[in-house]
Every structure is written in C-alpha cells, then in structure tokens.
Amino acid sequence: MDSPAASLPLSSSAPPPAAAPRHRRRRLSWLPLAALVPVLLISLPLVYVAVRTAQAGLADVLAELLRLRTLQLLINTVALGAGVTLLTIGIGLGVAWCVERTDLPLRNFWRVAAALPLVLPAFVASYAWASIGTLFQNLGGAIMVLTLTSYPLVYLPVAAALRSTDPGFEDISRSLGAGPWQTFRRALLPQLMPALGGGALLVLTHMFAEFGALAFLRVQTFTTAIFESYELHFDSATAAALSIVLMLLCLPAAWLEMRLRGQRRIAHVGRGAVRQPHLVRLRGWRLAGVLAAFALLGALSLGMPLGTLGYWLLTGSSAGGGHEALWPAIRGSITFATSGALLTSVLAIPLVLLAVRQRSKWAQAAERLPYIVHGLPGVVVALALVFLSLRLVPGIYQSLLVLLIAYAILYLPLAQSSLRGSIELLPPQIENVARSLGKRPLQVFFSIVLPNIAPGIAAALALMALQMVRELTATLMLAPTGTMTLATEVWSYTNDGEYAAAAPFAAMLVVLSIAPVWVFARRMLHPTR
Amino acid sequence: MHHSTRRTVLQRGLSLGIAGALPGWTASAFAADQGPIVLYNGQHKATTQKLLDAFTAATGIKVESRKGSSIQLANQIIEEGARSPADLFFSEESPPVAALAERGLLARLAPATLEQVRAGYRDPDGYWSGVTARCRVTAYNKKMVKESELPASVLDMATAAWKGRVAYVPTSGAFQQQIVAISALKGRDTALAWLKGLKQYGEAYGSNKAAMTAVERGEIATALINNYYWYNLAQEKGADKMQSAIHFSGNGDPGALVTVSAMGILKTAKNVEAAQKLAAFMAGVPGQEILTRAAAEWPMNPQVQPSFGLRPFGDLHPPKVNPPSLKGAEEALELRREAGLA
C-alpha cells in the first residue's frame, strides 16, 4: 500500500521510503512516454549531422579537422565560452544575492531592472560596442559584451531559486555559530546549485553557438567557421564535421554540471518563500559600493546599446520607410514566440520531471541531450529541419509547425534550466500523498506538480519568448512564406545598411521584450498571487 | 485558494495558446500546387517588392517573395533538393546562383532574356544571368588620405607603406571573387603575396558595413569594399556630411573588379512559364529601371542608363575577368588559408 503520510521526512536529504519502488514505477508510467517526444525531436539535427558527415567520408572529415586552424578555433571557442560563463556566474550570483538577501533600497526596482539586459539581442549590443572603435573588436571585447547580455540567464534562475529556498537552513546554520560566508557557502549555495549550474551551462552552450555578435566583434570560433563553409562552398559536409566538434565540446560541460548537482536532493515540504529570509543590512560604503556596481552594470549593459539605438532612431534618411510592415511584424513575432514558448514548455516539463524523479542514467542522458544540441549553430538546426521535414513530411514544410519544432529544438534547455530549479524543490512525497488519497497520475500532475512549479514555468516562458522573438536563422528559412517578424525586418534592413529604417523594428523588439521580463519578474516577486 | 486560481490560469493559457497556433499549421500545404510563383529573394526587400508589384501590374501574375540572405537561400535550396518550393532565385551575387547551376538544380533561361544582358555578365551555358552590377572600390577618409595618394593598383595597398591603413573583409563574398580575379590575372603567387601583405599590414573586419563605417568615423584610412556600401551610408547620413569618398582604380586593375547580382530559374519550378516571364521582366527595360533607381548599381541591360550619378558602365574599365569565370571559392579559401587568413 501507499507509504503513510506520517513518515514524511521534512528535509528530504534522506533516501525516499523503501516502500516506494513498485508504486513509483506505476506512478511515472506516462512520464517516459511524454519525455520521448522531445528526445525524438532533439535527435533530428543529430540525424542530419550524421547523414551529412557520412557523405563527406572519414578521410575528408579528418583532413578538415586536423589543421592548425582547428586548434586556433578551439582555443577561441573555449576561451570565449569559459570566460563568459565564469563572468556571468560571478555577476548573476552577486546580483541575485544583493536583490534577494540584502536590504538594498528599491529592491523591487533592481529585481526587474537586473533582468532587463535580456531585452537586447546580443547582436544589437555588439553592434553598439563595435561602433565605439576597435578597442572591443577582439576576444576580450567579445567576452565583455556577451557577458553583459547573458548574465541574466544566470541571474534569473538563481534569483527565482533564492526566493523558493527555505531560509530555515540558513537560520539553523547561523544558530549553530556559522558566519555569513560559511552560511552562504554551506547552507545557501548548495540549494542554488541546480539553478546556477543550469544557467551557466546554458550560457556556455549559447556561446558555442553564438554567431551574429562575433561577426561584429571579429572573433573566429567553430560556429563562425561553420557559417564560412556554408557561405563559401555551400558545403554542408564540412559544416557537419565542425558541428560534431562543437557538440563534443558541450559534452564535458554537461557532464560537469550533472556532477555539480550530483545526487543531492534538496526538496522540502512547504513553500520556503512564504517566510521572509534574514536580510543583510547594507550601510555606508558597502551600500554605496553595491549601488555604484549596479549603476555601472546598468549603464554598460543597457545604457550604451539603447543609446546607440536611439541615435539611429533620431537620425538618417532611411527612417520613415516600411512602417506599414510594423504591425504584421509585431503580430508575427508575438504569434511565433508565444506558441513556441508554450509548445517548448509542454515538451520540457516531462523531460525534467523524469530526470529529477528517476535518477537513472537514461533519464539523465535524455535531459542532457538538449544542452548538447544547444551548442549547435541555428543554421545547422534550421537546415536539418529543411532537409528532414521535406523528406519525411513534405506537407508541413514552411508551415508554423516546423518553425515551432525548430524553436523547441533550439530553446528547450532554456525551459529546462528554469523548470529544473522549481522541480528540484518539489518533494516527491507530496505526490505520494496525493496518490495515496486516490488521485490518478495525471490528476496529481495537474493538481500538485503544475501549480507548485508555476514560478519555474513562468520563468521558462519568459526566457523562451525572449529568445524566440529575436530568433532569425530558423525563422527566415522555416516561417510560412509571406509572414514576417520584427527580428527578420531588423535583419533585412541592417543587412542593407539601413540602420535608421531598422530602428523602429529594433525598438519594437526591445519594447516587446520588456513585457515578458516585466510581467514575469513581477509575478515572481509575488509568487502567491 | 491561490493554487486553484493559478491552475486555472495555466490551463486557460495552454488551451488558448494551442488554439491560437493551430490554424497556421496546415496553411502552407495548400499554397504549393497553383497560384503565385515563389521567388527566393536574396536582394533588397523593398526594391524587389517594387519590381514584383510592377510585374504583377503588367502581367497579372502574382509573386510570393521569400526574403533571406543569398547564401542561406542557396544552401536552403540545396537541402530542399527536388522538393524545393522555389520557382526563381534572385541572388545578391553570382556565386550562389552558379553553385546551384553546378549542382544541376537550374533550368536554362529563355534566349530572349539572356540577349538583353551584356555579354560576359551571364552564364555561357544560359543557366543564370547577371541582373545589376557593382564595382570594387577603395573607400577613403578624406581627412586621413588624399585621393591622389592612393596607388594605381589595389595590389600596392598590401604593403608596409599602408601599414594599419587598409581595412578589408576577408570573409566577404566579393573579396573571394577579388582573390580569384587576382589569381586569374596575375597568377597564384601574386594573389598569395597580396593576401599575406594584407594580413601583415592591413586590418581585417567582420563585415563590409563595419569596414565602411570605420572609414567614415576615421578609425582607419581606407577600406576595400563595393561601391554601394558608400552610397548606402551616404543616403543614410546625407552625402554632404560624408567624411569619406570612393576611388575607382579602373585601368583593368583587379581593384576595379565588377561583380553582379544574378537570377536563375529552378529546374523543379512548378510554373516555369510564369517564372520565365518574371526573369524576362527583370532583364527588360522597366525592371532594370526600377532596380537601378533604388540602388547605386549599374543596369546589365545596356539600353538603361545608371542613376545616382554613377559614371557610365563603359568608363569603369574593369579587369578582363567576368562573373561567370569567377567561380573558384575553393581556390580563394585555399589561398586565404595559406596566407593565414582563414
């Protein structure tokens, strides 16, 4: 029979009750099936890369890879990825801690403001920085600019996790005589690890696939080399060989992140965020230092790029053209991004739930796979879907469905990293109790799991909608003919050198991006509303 | 009970999203068989739309245009293979169209269309044709260098005398064509030495726009680019406010290389007759006028005069290589790799 509710451990660092296995298998029977769908979709680019590499032949692939240039690309790619990841961890964690655990004035403002750099596409920010001069057009500049645009990918999940953690752990740590640093390191940080590691892995794989920003900042990586083989020889075989290297680079990172999280169970009963955590008092020079750092961060990550955008809005004779396309572009952006974000969330939930609940190797590997594919440049994923959809289901080519599948493949990890933090905190015992009271598995999912992970879903939707709204490569190739989005219009105009004509679309893109950041950041401030 | 309200919101949101997404899912399945012809357009969106509107007004044939970068569209057509929905491909430069011709994906253009285009600027086998032409130039910042100081040949700009004063874009398509042209005209060693010189003394930029704006801002004295990048910026900024100007080397120098935008009809086109009509319109006088009034490029139909105050095409004196012979992207890459530029 079901395990009695009385045996519920309050902190579940203990292993789950021994009576569970037979029952758990039954309870989770729908999960592996539901998780199979995203796994199959995410495998599509792998199939394509395999087919194309096989066409090139092993000898050609090795000849392509065993060159001095490959080493240089490797150094650049790893340096960029590692540099940006380490810096985003530092900034993301620091900012999240300041807004959630100190008595910083205007905390609610800073909470939202710190997420705002997400409204700027990396290529807009890098164009702005590149336009200052050659000082930033190198690896160091690229690391700086991309850190400024991507630290919210670490900040948001960590801040959400900080809100959901039980301050009780910290109280106990302090009551046992631990200092603030020790309390942070031993009582708080372990609870943040899933969110922190997930965010960092996301940033790292993101950097591997980055292209648009690097073209302006003059840094060559594997992804720029992949673009080159498409551009110069229309050679998908070499591109596929280079893609394999990129995915291999993602493997140790994905493994490391898994190790970092380990077998730790951090679920707890009750919502910790209901109680106010102990706030560190900031006074005098410490307060001034934090405020100055926040102001500097805001000026660099938001002020500079927005200023450049504003300059182009105000100047130039190509302004005034194409405004009739503004509304169709907004409609396209909203339609694609919202339906894409919803579909991807639906696909991601079972995948993460399975990996958190069933700590089997297969479940873990399945949950890691999207992160590996996330390191692939968008062009490879888009061409994979061109190739496969026309051969497998030609009727759906260049329909919304294929575009949404492309979005899901590209951005599944964004949903996973946001969801993971929430799902890790949900104790399986609550589900056991619900099952013991006669609820069916799907009922348990809708009445227990879904409401409890709502903050994670909100963050997932926000992050995905933001990325999808600015997605370009897959949208250009796969969107239904005749539709347009703000991102494709911005690209179309800047491609022809008409920055001023692009500015209203870029500005709308930014305005549109503010909405999800604002709504979801606000929502997370009041999780019970 | 906040849980139940949140659940309701979630469920409502999900069903709304799915319902909103459904209608579009099957839309493209119907458009395939009949109706408008499909153009894969790598050229300027608004200008091409003007051209297509005029075509539809003249013939009653509707055209659906899909905008993308020429190279991306060519790669897409290659992946699509025989199932490509495209009827016609209009590319910013000739190599993507030539790549499709090489892979046997194109049908021959009608002889009457080809005859409208200057000889030497269309495929000798008739699978594709140039539409408009542009010229490689040296953009220079007027405060940093005088036009008279610029050397007669672009080959002399990859030297110690020009250290730190020449911007070039090693990854740009026209630059590849320039490498091939130098190799064809002056030999492989000269091309290699030129690239090595640029690597040693020049400044590599990631995009032509970036190089052009760098010259305009006075970051660097000169840039090797296409003529229209300057005109684009001048139109944006006002020609009188420009700190930079452009220099045509002429004289058969590879620095004056002429490249073209190009078009080709897909072998798998569903409506070949209509696609041929559009190609004929693009090569004809009305189409050529629309295209060259909108961009600082030369018409490839000799009956049409260029705008923007461009000098007559006959005064460009480009080197004796023409677009159909500028194929060797492989060779260009090989040379760049040997020079350490790739």
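Start by selecting Leu106(A), which sits in the loop between α4 and α5 (107-113) of chain A. What you have open is a predicted model, so keep that in mind at each stop. Leu106(A) is exposed, with a relative accessible area of 62%. Check its backbone too: phi is near 60°, a positive value in a residue other than glycine. For context, most residues other than glycine have a negative phi.

**Over to α3 of chain A**

Next, select residues 58-65 of chain A, which form helix α3. Which residues of this helix are buried? Colour Val61(A), Glu64(A) and Leu65(A), and you have them. Now look straight down the axis of α3(A): the buried residues fall within an arc of 90°, so they line one face of the helix. To see what covers them, bring up α2 (30-56), α4 (68-101) and α13 of chain A. Keep chain B visible as well, since its α13 (329-338) is also among the elements covering these residues.

**The α10 pairings**

Stay in chain A and show α10 (residues 180-209) with α13 (residues 236-261). Their axes come within 9 Å and cross at roughly 175°. With an angle over 145° counting as roughly antiparallel, that is how α10(A) and α13(A) are therefore described relative to each other.

Turn on side chains for the contact. From α10(A), pick Met193(A), Pro194(A), Gly197(A), Gly198(A), Leu201(A), Leu204(A), Thr205(A) and Phe208(A). Facing them from α13(A) are Leu246(A), Leu249(A), Cys250(A), Ala253(A), Ala254(A), Glu257(A), Leu260(A) and Arg261(A). Sorted by class, this contact has 11 nonpolar, 3 polar and 2 charged residues.

Now hide α13(A) and show α16 (residues 361-374) of chain A beside α10(A). The axes of α10(A) and α16(A) are 8 Å apart here, and the packing angle is about 35°. On the α10(A) side, the contact uses Gly198(A), Leu201(A), Leu202(A), Thr205(A), His206(A) and Ala209(A). Arg368(A), Tyr371(A) and His374(A) come from α16(A). By class, that contact has 4 nonpolar, 4 polar and 1 charged residues. Try flicking between the two views: Gly198(A), Leu201(A) and Thr205(A) of α10(A) are listed in the contact with α13(A) and also in the contact with α16(A).

**One more stop in chain A**

Jump to Val517(A), in helix α24 (residues 499-525). Is Val517(A) buried or exposed? It is buried, at a relative accessible area of 5%. Leaving out residues up to four places away in sequence, Val517(A) touches Val112(A), Ala115(A), Leu116(A), Leu118(A), Val119(A) and Leu466(A). For a distance across the chain, draw a line from the C-alpha of Val517(A) to that of Asp171(A): 32 Å in space, with their positions 346 residues apart in sequence.

**Switch to chain B**

Zoom out and show chain B as a cartoon. There are 13 helices and 11 strands to find. Of its 342 residues, 56% are buried. If you put a surface on chain B, about 13400 Å² is exposed, and carbon and sulfur atoms supply 54% of that. Of the contacts in chain B with a separation of 6 or more, 74% are between residues 24 or more positions apart.

Select α4 (residues 70-80) of chain B: 11 of the 11 residues are buried, so the helix is largely enclosed by the rest of the structure. The buried residues include Ser70(B), Gln72(B), Asn75(B), Gln76(B), Glu79(B) and Glu80(B). Gly81(B) follows α4(B), and its phi is positive, near 60°.

Move on to Ser94(B), in α5 (residues 94-102) of chain B. Ser94(B) is buried, with a relative accessible area of 2%. Beyond its neighbours within four places in sequence, Ser94(B) is in contact with Trp128(B), Gln177(B), Val260(B), Ala262(B) and Pro323(B).

Then find Thr190(B) in α8 (residues 188-201) of chain B. At 28% relative accessibility, Thr190(B) counts as partly exposed. Not counting residues up to four places away, Thr190(B) touches Leu155(B) and Ile182(B). Thr190(B) and Leu155(B) are 35 residues apart in sequence and 8.5 Å apart in space, C-alpha to C-alpha.

Finish at Phe308(B), in the loop between β11 (298-299) and α13 of chain B. Phe308(B) is partly exposed, with a relative accessible area of 30%. Its phi is near 60°, a positive value in a residue other than glycine.

Notes
Residues numbered from 1 in each chain as written. Chains lettered and ligands numbered in written order. Predicted model: local features only at pLDDT ≥ 70, side-chain atom pairs only at ≥ 80, totals over all residues. Heavy atoms only, no water. Axes fitted to C-alpha atoms, helices over the stretch in contact; angles between N-to-C directions. Helix = DSSP H or I, 4+ residues; strand = E, 2+ residues; numbered from the N terminus. Parallel < 35°, antiparallel > 145°, perpendicular 65-115°, else oblique. Contact = heavy atoms within 4.5 Å. Nonpolar A, V, L, I, M, F, W, Y, C, P; charged D, E, K, R; others polar. Buried < 20%, exposed > 50% of the residue type's maximum accessible area, 1.4 Å probe, protein only. Arc of directions from axis to C-beta. Areas by Shrake-Rupley, 256 points an atom, 1.4 Å probe, with all protein chains shown as cover.
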